[in-house]
Amino acid sequence: MTEPTRTTDLTPPTDAEIRRRQKGRAIIMAVLLAAFVILVYAITIAKMSINR
Amino acid sequence: MNTTTLDQTYPADWRDFLALTKPRVMSLVVFTGLCGMLAAGVPVNPVIGFTAILCIALGAGAAAALNMWFEADLDAKMKRTAKRPIPAGRMDRQAALHFGVGLSFFSVILMELAVNRVAAAVLAVSILFYVLVYTVWLKRRTPQNIVIGGAAGAFPPVIGWAAATGHITLLPVLLFLLIFLWTPPHFWALSLFVRSDYAAAGVPMLPVVSGARVTRQQILLYSVPMAAAAVAPWPLGLAGAFYGITAAAFSLVFLGIAVRVLLNKASEPAEMKPEKQLFAFSILYLFAVFGALVIDRIWLT
(Lines give C-alpha, C1' and ligand atoms only; values in the text may rest on other atoms or scores of the structure.)
Protein backbone atom coordinates (compact mmCIF):
# COMPACT_ATOMS: atom_id res chain seq x y z
CA MET A 1 0.00 0.00 0.00
CA THR A 2 2.75 2.46 -0.72
CA GLU A 3 1.50 5.48 -2.61
CA PRO A 4 4.51 7.78 -2.91
CA THR A 5 2.65 10.19 -5.19
CA ARG A 6 -0.08 11.02 -2.67
CA THR A 7 2.00 12.94 -0.17
CA THR A 8 0.68 15.51 2.26
CA ASP A 9 -0.38 18.54 0.27
CA LEU A 10 0.04 21.91 1.89
CA THR A 11 -1.58 24.05 -0.81
CA PRO A 12 -5.17 25.23 -0.19
CA PRO A 13 -7.78 22.77 -1.49
CA THR A 14 -8.98 23.53 -4.98
CA ASP A 15 -12.50 22.82 -6.17
CA ALA A 16 -11.17 20.64 -8.97
CA GLU A 17 -9.23 18.40 -6.55
CA ILE A 18 -12.20 18.07 -4.19
CA ARG A 19 -14.49 17.14 -7.10
CA ARG A 20 -11.92 14.61 -8.37
CA ARG A 21 -11.79 12.85 -5.00
CA GLN A 22 -15.56 12.95 -4.57
CA LYS A 23 -15.93 11.45 -8.02
CA GLY A 24 -13.48 8.65 -7.20
CA ARG A 25 -15.35 7.81 -4.02
CA ALA A 26 -18.73 7.97 -5.74
CA ILE A 27 -17.58 5.52 -8.42
CA ILE A 28 -16.20 3.08 -5.81
CA MET A 29 -19.43 3.38 -3.81
CA ALA A 30 -21.51 2.63 -6.92
CA VAL A 31 -19.42 -0.44 -7.74
CA LEU A 32 -19.64 -1.72 -4.14
CA LEU A 33 -23.41 -1.15 -4.01
CA ALA A 34 -23.88 -3.02 -7.29
CA ALA A 35 -21.73 -5.88 -5.95
CA PHE A 36 -23.80 -5.92 -2.75
CA VAL A 37 -27.07 -6.11 -4.71
CA ILE A 38 -25.70 -9.10 -6.65
CA LEU A 39 -24.49 -10.74 -3.41
CA VAL A 40 -27.88 -10.35 -1.69
CA TYR A 41 -29.56 -11.81 -4.77
CA ALA A 42 -27.16 -14.79 -4.76
CA ILE A 43 -27.65 -15.32 -1.00
CA THR A 44 -31.44 -15.29 -1.49
CA ILE A 45 -31.23 -17.93 -4.22
CA ALA A 46 -28.80 -20.01 -2.11
CA LYS A 47 -31.05 -19.81 0.98
CA MET A 48 -34.09 -20.87 -1.04
CA SER A 49 -32.27 -23.87 -2.49
CA ILE A 50 -31.00 -24.92 0.99
CA ASN A 51 -34.45 -24.71 2.58
CA ARG A 52 -36.21 -26.60 -0.18
CA MET B 1 -1.78 15.25 16.76
CA ASN B 2 0.30 16.47 13.94
CA THR B 3 -2.19 16.86 11.09
CA THR B 4 -2.65 20.14 9.29
CA THR B 5 -6.11 21.65 9.05
CA LEU B 6 -5.66 22.35 5.33
CA ASP B 7 -5.52 18.65 4.45
CA GLN B 8 -8.63 17.81 6.34
CA THR B 9 -10.77 19.93 4.04
CA TYR B 10 -10.01 17.38 1.32
CA PRO B 11 -12.22 14.31 1.38
CA ALA B 12 -9.95 11.27 1.93
CA ASP B 13 -9.04 9.22 -1.12
CA TRP B 14 -10.75 5.81 -1.35
CA ARG B 15 -7.31 4.12 -1.37
CA ASP B 16 -6.72 5.49 2.11
CA PHE B 17 -9.87 3.75 3.33
CA LEU B 18 -8.55 0.54 1.82
CA ALA B 19 -5.19 1.06 3.59
CA LEU B 20 -7.08 1.44 6.90
CA THR B 21 -8.17 -2.20 6.66
CA LYS B 22 -4.55 -3.52 6.65
CA PRO B 23 -5.07 -5.70 3.53
CA ARG B 24 -1.91 -7.75 4.13
CA VAL B 25 -2.95 -8.84 7.63
CA MET B 26 -6.34 -9.66 6.16
CA SER B 27 -4.85 -12.33 3.88
CA LEU B 28 -3.74 -14.46 6.86
CA VAL B 29 -7.14 -13.96 8.51
CA VAL B 30 -8.92 -15.05 5.32
CA PHE B 31 -6.65 -18.09 5.00
CA THR B 32 -7.17 -19.35 8.58
CA GLY B 33 -10.90 -18.58 8.42
CA LEU B 34 -11.21 -20.54 5.17
CA CYS B 35 -9.22 -23.45 6.64
CA GLY B 36 -11.51 -23.50 9.69
CA MET B 37 -14.52 -23.66 7.40
CA LEU B 38 -13.07 -26.38 5.14
CA ALA B 39 -11.75 -28.43 8.09
CA ALA B 40 -15.30 -28.67 9.44
CA GLY B 41 -15.79 -31.20 6.64
CA VAL B 42 -19.47 -30.43 6.00
CA PRO B 43 -20.77 -29.31 2.63
CA VAL B 44 -21.22 -25.52 2.54
CA ASN B 45 -23.16 -23.69 -0.15
CA PRO B 46 -20.48 -21.78 -2.11
CA VAL B 47 -22.37 -18.46 -1.91
CA ILE B 48 -22.90 -18.79 1.85
CA GLY B 49 -19.27 -19.88 2.29
CA PHE B 50 -18.06 -16.90 0.25
CA THR B 51 -20.24 -14.55 2.29
CA ALA B 52 -18.89 -15.98 5.56
CA ILE B 53 -15.28 -15.42 4.47
CA LEU B 54 -16.19 -11.94 3.18
CA CYS B 55 -17.70 -11.10 6.59
CA ILE B 56 -14.56 -12.36 8.38
CA ALA B 57 -12.40 -10.20 6.10
CA LEU B 58 -14.63 -7.12 6.54
CA GLY B 59 -14.70 -7.63 10.32
CA ALA B 60 -10.90 -7.85 10.40
CA GLY B 61 -10.71 -4.71 8.22
CA ALA B 62 -13.11 -2.89 10.53
CA ALA B 63 -11.06 -3.84 13.60
CA ALA B 64 -7.87 -2.67 11.84
CA ALA B 65 -9.49 0.69 10.96
CA LEU B 66 -10.60 1.21 14.57
CA ASN B 67 -7.10 0.26 15.72
CA MET B 68 -5.63 2.97 13.45
CA TRP B 69 -8.25 5.46 14.66
CA PHE B 70 -7.22 4.88 18.26
CA GLU B 71 -3.47 4.58 17.69
CA ALA B 72 -2.88 7.54 15.37
CA ASP B 73 -0.61 9.17 17.96
CA LEU B 74 1.51 5.99 18.34
CA ASP B 75 1.66 5.40 14.59
CA ALA B 76 3.01 8.91 14.04
CA LYS B 77 6.04 8.06 16.22
CA MET B 78 7.10 4.87 14.43
CA LYS B 79 8.86 4.75 11.08
CA ARG B 80 6.94 1.64 10.02
CA THR B 81 3.53 3.21 10.63
CA ALA B 82 4.06 6.97 10.18
CA LYS B 83 2.86 6.81 6.55
CA ARG B 84 -0.55 5.39 7.48
CA PRO B 85 -3.46 7.59 6.32
CA ILE B 86 -4.19 9.34 9.65
CA PRO B 87 -0.67 10.13 10.92
CA ALA B 88 0.34 11.19 7.39
CA GLY B 89 -2.52 13.72 7.43
CA ARG B 90 -4.38 12.25 4.44
CA MET B 91 -7.45 11.37 6.48
CA ASP B 92 -9.47 12.92 9.25
CA ARG B 93 -9.56 10.76 12.41
CA GLN B 94 -13.35 10.98 12.59
CA ALA B 95 -13.66 9.46 9.09
CA ALA B 96 -11.67 6.40 10.22
CA LEU B 97 -13.91 5.98 13.29
CA HIS B 98 -17.11 6.16 11.23
CA PHE B 99 -15.69 3.79 8.61
CA GLY B 100 -14.59 1.26 11.27
CA VAL B 101 -17.83 1.30 13.24
CA GLY B 102 -19.94 1.13 10.08
CA LEU B 103 -17.95 -1.77 8.66
CA SER B 104 -18.12 -3.64 12.02
CA PHE B 105 -21.92 -3.45 12.12
CA PHE B 106 -22.19 -4.30 8.43
CA SER B 107 -20.01 -7.43 8.71
CA VAL B 108 -21.73 -8.78 11.84
CA ILE B 109 -25.28 -8.11 10.56
CA LEU B 110 -24.52 -9.67 7.17
CA MET B 111 -23.03 -12.75 8.94
CA GLU B 112 -26.18 -13.08 11.08
CA LEU B 113 -28.58 -12.71 8.13
CA ALA B 114 -26.71 -14.76 5.53
CA VAL B 115 -24.80 -17.35 7.58
CA ASN B 116 -25.76 -18.03 11.21
CA ARG B 117 -25.94 -16.54 14.67
CA VAL B 118 -22.99 -18.40 16.24
CA ALA B 119 -20.61 -17.18 13.52
CA ALA B 120 -21.98 -13.63 13.84
CA ALA B 121 -21.59 -13.71 17.64
CA VAL B 122 -17.97 -14.92 17.51
CA LEU B 123 -17.19 -12.31 14.83
CA ALA B 124 -18.64 -9.55 17.04
CA VAL B 125 -16.65 -10.81 20.04
CA SER B 126 -13.42 -10.91 18.01
CA ILE B 127 -13.84 -7.29 16.79
CA LEU B 128 -14.70 -6.02 20.29
CA PHE B 129 -11.81 -8.01 21.76
CA TYR B 130 -9.25 -6.60 19.31
CA VAL B 131 -10.45 -3.01 19.64
CA LEU B 132 -11.42 -2.72 23.31
CA VAL B 133 -9.35 -5.33 25.18
CA TYR B 134 -6.18 -5.23 23.06
CA THR B 135 -5.95 -1.77 21.45
CA VAL B 136 -7.61 0.43 24.07
CA TRP B 137 -6.97 -1.45 27.30
CA LEU B 138 -3.82 -3.58 27.23
CA LYS B 139 -1.43 -2.61 24.41
CA ARG B 140 0.01 0.43 26.20
CA ARG B 141 -0.17 -1.08 29.69
CA THR B 142 1.47 -4.51 29.72
CA PRO B 143 4.39 -6.24 27.97
CA GLN B 144 2.10 -9.28 27.68
CA ASN B 145 -0.02 -7.15 25.26
CA ILE B 146 0.80 -9.30 22.28
CA VAL B 147 -0.33 -12.47 24.08
CA ILE B 148 -3.80 -11.01 24.55
CA GLY B 149 -3.78 -9.47 21.08
CA GLY B 150 -3.02 -12.92 19.69
CA ALA B 151 -6.39 -14.11 20.94
CA ALA B 152 -8.10 -11.67 18.58
CA GLY B 153 -6.15 -13.09 15.65
CA ALA B 154 -7.04 -16.62 16.74
CA PHE B 155 -10.78 -16.22 16.17
CA PRO B 156 -11.01 -16.62 12.34
CA PRO B 157 -10.78 -20.46 12.20
CA VAL B 158 -13.42 -20.64 14.94
CA ILE B 159 -15.68 -18.29 12.96
CA GLY B 160 -15.09 -20.31 9.78
CA TRP B 161 -15.95 -23.55 11.59
CA ALA B 162 -19.07 -22.00 13.17
CA ALA B 163 -20.13 -20.66 9.75
CA ALA B 164 -20.00 -24.19 8.30
CA THR B 165 -21.55 -26.13 11.19
CA GLY B 166 -23.50 -23.64 13.35
CA HIS B 167 -21.64 -24.73 16.50
CA ILE B 168 -18.17 -24.94 18.06
CA THR B 169 -16.43 -28.20 19.01
CA LEU B 170 -13.00 -29.22 20.35
CA LEU B 171 -11.07 -28.97 17.06
CA PRO B 172 -11.77 -25.26 16.40
CA VAL B 173 -10.89 -24.57 20.04
CA LEU B 174 -7.52 -26.30 19.46
CA LEU B 175 -7.01 -24.20 16.31
CA PHE B 176 -7.76 -21.11 18.40
CA LEU B 177 -5.18 -22.24 20.98
CA LEU B 178 -2.62 -22.92 18.25
CA ILE B 179 -2.78 -19.36 16.84
CA PHE B 180 -3.07 -17.89 20.33
CA LEU B 181 0.17 -19.60 21.43
CA TRP B 182 1.86 -19.03 18.05
CA THR B 183 1.43 -15.25 18.10
CA PRO B 184 3.85 -14.40 20.97
CA PRO B 185 6.89 -16.26 19.52
CA HIS B 186 6.04 -14.94 16.04
CA PHE B 187 5.73 -11.34 17.15
CA TRP B 188 8.46 -11.29 19.78
CA ALA B 189 10.94 -12.65 17.25
CA LEU B 190 10.10 -9.61 15.10
CA SER B 191 10.15 -7.18 18.01
CA LEU B 192 13.66 -8.35 18.97
CA PHE B 193 15.12 -7.04 15.72
CA VAL B 194 12.91 -3.92 15.37
CA ARG B 195 13.06 -3.03 19.07
CA SER B 196 14.22 0.57 18.68
CA ASP B 197 11.05 1.58 16.85
CA TYR B 198 8.76 0.43 19.66
CA ALA B 199 10.99 2.01 22.26
CA ALA B 200 10.66 5.37 20.47
CA ALA B 201 6.86 5.16 20.61
CA GLY B 202 6.84 4.07 24.26
CA VAL B 203 4.92 0.83 23.65
CA PRO B 204 5.81 -1.64 26.43
CA MET B 205 6.99 -4.43 24.14
CA LEU B 206 8.65 -7.27 26.03
CA PRO B 207 12.21 -6.65 24.70
CA VAL B 208 11.86 -2.98 25.69
CA VAL B 209 10.63 -3.71 29.23
CA SER B 210 12.38 -6.96 30.20
CA GLY B 211 15.28 -7.21 27.77
CA ALA B 212 16.30 -9.65 25.05
CA ARG B 213 17.17 -12.57 27.37
CA VAL B 214 13.73 -12.74 28.99
CA THR B 215 12.09 -12.33 25.56
CA ARG B 216 14.09 -15.28 24.19
CA GLN B 217 13.05 -17.42 27.18
CA GLN B 218 9.41 -16.44 26.70
CA ILE B 219 9.60 -17.33 22.99
CA LEU B 220 10.60 -20.91 23.85
CA LEU B 221 8.12 -21.00 26.74
CA TYR B 222 5.23 -20.33 24.36
CA SER B 223 6.59 -22.53 21.56
CA VAL B 224 6.31 -25.73 23.64
CA PRO B 225 2.53 -25.55 24.38
CA MET B 226 2.05 -24.23 20.81
CA ALA B 227 3.63 -27.41 19.42
CA ALA B 228 1.45 -29.49 21.75
CA ALA B 229 -1.72 -27.71 20.55
CA ALA B 230 -0.64 -28.24 16.94
CA VAL B 231 -0.09 -31.99 17.30
CA ALA B 232 -3.04 -32.63 19.69
CA PRO B 233 -5.76 -33.21 17.02
CA TRP B 234 -3.91 -36.38 15.91
CA PRO B 235 -3.85 -38.36 19.22
CA LEU B 236 -7.34 -37.04 19.99
CA GLY B 237 -8.61 -38.65 16.80
CA LEU B 238 -9.72 -35.33 15.26
CA ALA B 239 -7.24 -35.61 12.38
CA GLY B 240 -5.24 -38.37 10.75
CA ALA B 241 -1.57 -39.36 10.51
CA PHE B 242 -0.90 -37.05 7.54
CA TYR B 243 -1.82 -34.04 9.62
CA GLY B 244 -0.15 -35.39 12.78
CA ILE B 245 3.19 -36.10 11.12
CA THR B 246 3.22 -32.78 9.22
CA ALA B 247 2.34 -30.81 12.37
CA ALA B 248 4.94 -32.72 14.43
CA ALA B 249 7.70 -32.21 11.84
CA PHE B 250 7.05 -28.48 11.45
CA SER B 251 6.72 -28.07 15.22
CA LEU B 252 10.09 -29.76 15.77
CA VAL B 253 11.75 -27.34 13.33
CA PHE B 254 9.97 -24.43 15.06
CA LEU B 255 11.22 -25.62 18.47
CA GLY B 256 14.72 -26.14 17.06
CA ILE B 257 14.89 -22.52 15.85
CA ALA B 258 13.38 -21.32 19.15
CA VAL B 259 16.22 -23.07 21.01
CA ARG B 260 18.77 -21.39 18.75
CA VAL B 261 17.07 -18.06 19.51
CA LEU B 262 17.40 -18.82 23.24
CA LEU B 263 21.11 -19.55 22.84
CA ASN B 264 21.75 -16.40 20.80
CA LYS B 265 23.25 -13.62 22.90
CA ALA B 266 23.38 -10.93 20.20
CA SER B 267 21.97 -7.51 20.91
CA GLU B 268 22.53 -6.01 17.45
CA PRO B 269 19.80 -6.68 14.84
CA ALA B 270 22.51 -7.56 12.30
CA GLU B 271 23.52 -10.61 14.39
CA MET B 272 19.97 -11.82 15.02
CA LYS B 273 19.87 -14.48 12.32
CA PRO B 274 17.95 -17.07 14.38
CA GLU B 275 15.33 -14.45 15.30
CA LYS B 276 14.81 -13.48 11.66
CA GLN B 277 14.68 -17.17 10.74
CA LEU B 278 12.06 -17.87 13.40
CA PHE B 279 9.92 -14.96 12.24
CA ALA B 280 10.04 -16.11 8.61
CA PHE B 281 9.51 -19.77 9.50
CA SER B 282 6.59 -19.01 11.81
CA ILE B 283 4.56 -17.71 8.86
CA LEU B 284 5.35 -20.79 6.76
CA TYR B 285 4.53 -22.93 9.83
CA LEU B 286 1.00 -21.59 10.17
CA PHE B 287 0.27 -22.02 6.46
CA ALA B 288 1.69 -25.57 6.46
CA VAL B 289 -0.15 -26.77 9.57
CA PHE B 290 -3.51 -25.33 8.50
CA GLY B 291 -3.04 -26.52 4.93
CA ALA B 292 -2.22 -30.04 6.15
CA LEU B 293 -5.31 -30.05 8.36
CA VAL B 294 -7.59 -29.19 5.45
CA ILE B 295 -6.00 -31.81 3.17
CA ASP B 296 -6.25 -34.40 5.95
CA ARG B 297 -9.86 -33.65 6.91
CA ILE B 298 -11.21 -33.34 3.37
CA TRP B 299 -9.39 -36.05 1.44
CA LEU B 300 -7.87 -38.45 3.95
CA THR B 301 -10.37 -38.95 6.77
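Two residues are in contact when heavy atoms of each lie within 4.5 Å. This tour of chain B uses that term at several stops, and the model on display is a predicted one.

**Stop 1: B:His186 and its contacts**

Select B:His186, which is part of helix α10 of chain B. Is this residue buried or exposed? Its relative accessible area is 12%, which is under the 20% limit, so B:His186 is buried. Now display its surroundings and leave out the neighbours within four places in sequence: B:His186 is then in contact with B:Phe279, B:Ser282 and B:Ile283.

**Stop 2: an aromatic pair**

Over all chains, the count of aromatic pairs comes to 14. For one of these pairs, select B:Phe193 and B:Phe279: the ring centres are 6.3 Å apart and the planes stand at 80°, so the pair is edge-to-face. An angle over 60 degrees is what places a pair in that class. The two rings come from distant parts of the chain, since B:Phe193 belongs to helix α10 (residues 170-193) and B:Phe279 to helix α14 (residues 273-300), 86 residues apart.

Keep B:Phe193 selected. With a relative accessible area of 17%, B:Phe193 is buried. Add B:Lys276 to the view; this residue lies over the face of B:Phe193, at 5.7 Å from the ring centre.

**Stop 3: B:Thr183, also in helix α10**

Helix α10 of chain B also holds B:Thr183. Its relative accessibility is 12%, so B:Thr183 counts as buried. Apart from neighbours within four places in sequence, B:Thr183 is in contact with B:Ile146 and B:Gly150. For a sense of scale, draw a line from the C-alpha of B:Thr183 to the C-alpha of B:Leu220: the two are 37 residues apart in sequence and 12 Å apart in space.

**Stop 4: a phenylalanine cluster and B:Ser126**

Select B:Phe129, B:Phe155, B:Phe176 and B:Phe180 together; ring pairs link these four into a cluster. One member of the cluster, B:Phe155, also touches the next residue to select, B:Ser126. B:Ser126 sits in helix α7 (residues 117-138) of chain B. At 9% relative accessible area, B:Ser126 is buried. Not counting residues up to four places away in sequence, B:Ser126 touches B:Ala152, B:Phe155 and B:Ile159.

**Stop 5: two helices that cross**

Two packed helices are described by the angle between their axes and the distance between the axes. Which values apply to helices α3 and α4 of chain B? Select residues 23-39 for α3 and residues 46-70 for α4: the axes come within 9 Å and cross at roughly 145°. The crossing of α3(B) and α4(B) is right-handed. On the α3(B) side, the contact is made by B:Met26, B:Val29, B:Val30, B:Gly33, B:Leu34 and B:Met37. On the α4(B) side, the residues are B:Gly49, B:Ala52, B:Ile53, B:Ile56, B:Ala57, B:Ala60 and B:Gly61. Colouring this contact by residue type gives 10 nonpolar, 3 polar and no charged residues.

From this group, select B:Ile56, in helix α4. Its relative accessibility is 3%, so B:Ile56 counts as buried. Beyond its neighbours within four places in sequence, B:Ile56 is in contact with B:Val29 and B:Gly33, and also with B:Met111, B:Leu123, B:Pro156, B:Ile159 and B:Gly160. The C-alpha atoms of B:Ile56 and B:Ala152 are 12 Å apart in space, while the two residues are 96 residues apart in sequence.

**Stop 6: the loop before α3**

Move to B:Lys22, placed in the loop between α2 (14-20) and α3 of chain B. Most residues other than glycine have a negative phi. What is phi for B:Lys22? The angle is near 45°, a positive value in a residue other than glycine. B:Lys22 has a relative accessible area of 17%, so this lysine is buried.

**Stop 7: two further residues**

Select B:Asp296 in helix α14 of chain B. A relative accessible area of 1% makes B:Asp296 buried. From B:Asp296 to B:Ile159 the distance is 20 Å, C-alpha to C-alpha, and the pair is 137 residues apart in sequence.

Finally, select B:Arg93 in helix α6 (residues 93-114) of chain B. With a relative accessible area of 30%, B:Arg93 is partly exposed. The C-alpha atoms of B:Arg93 and B:Leu262 are separated by 41 Å, and the residues are 169 apart along the chain.

Terms used:
Residues numbered from 1 in each chain as written. Chains lettered and ligands numbered in written order. Predicted model: local features only at pLDDT ≥ 70, side-chain atom pairs only at ≥ 80, totals over all residues. Heavy atoms only, no water. Axes fitted to C-alpha atoms, helices over the stretch in contact; angles between N-to-C directions. Helix = DSSP H or I, 4+ residues; strand = E, 2+ residues; numbered from the N terminus. Left-handed = near helix turned anticlockwise from the far one by under 90°. Nonpolar A, V, L, I, M, F, W, Y, C, P; charged D, E, K, R; others polar. Phe/Tyr/Trp six-rings, centres within 6.5 Å; stacked < 30°, edge-to-face > 60°. Buried < 20%, exposed > 50% of the residue type's maximum accessible area, 1.4 Å probe, protein only. Lys NZ or Arg CZ within 6 Å of the ring centre and 35° of its normal.
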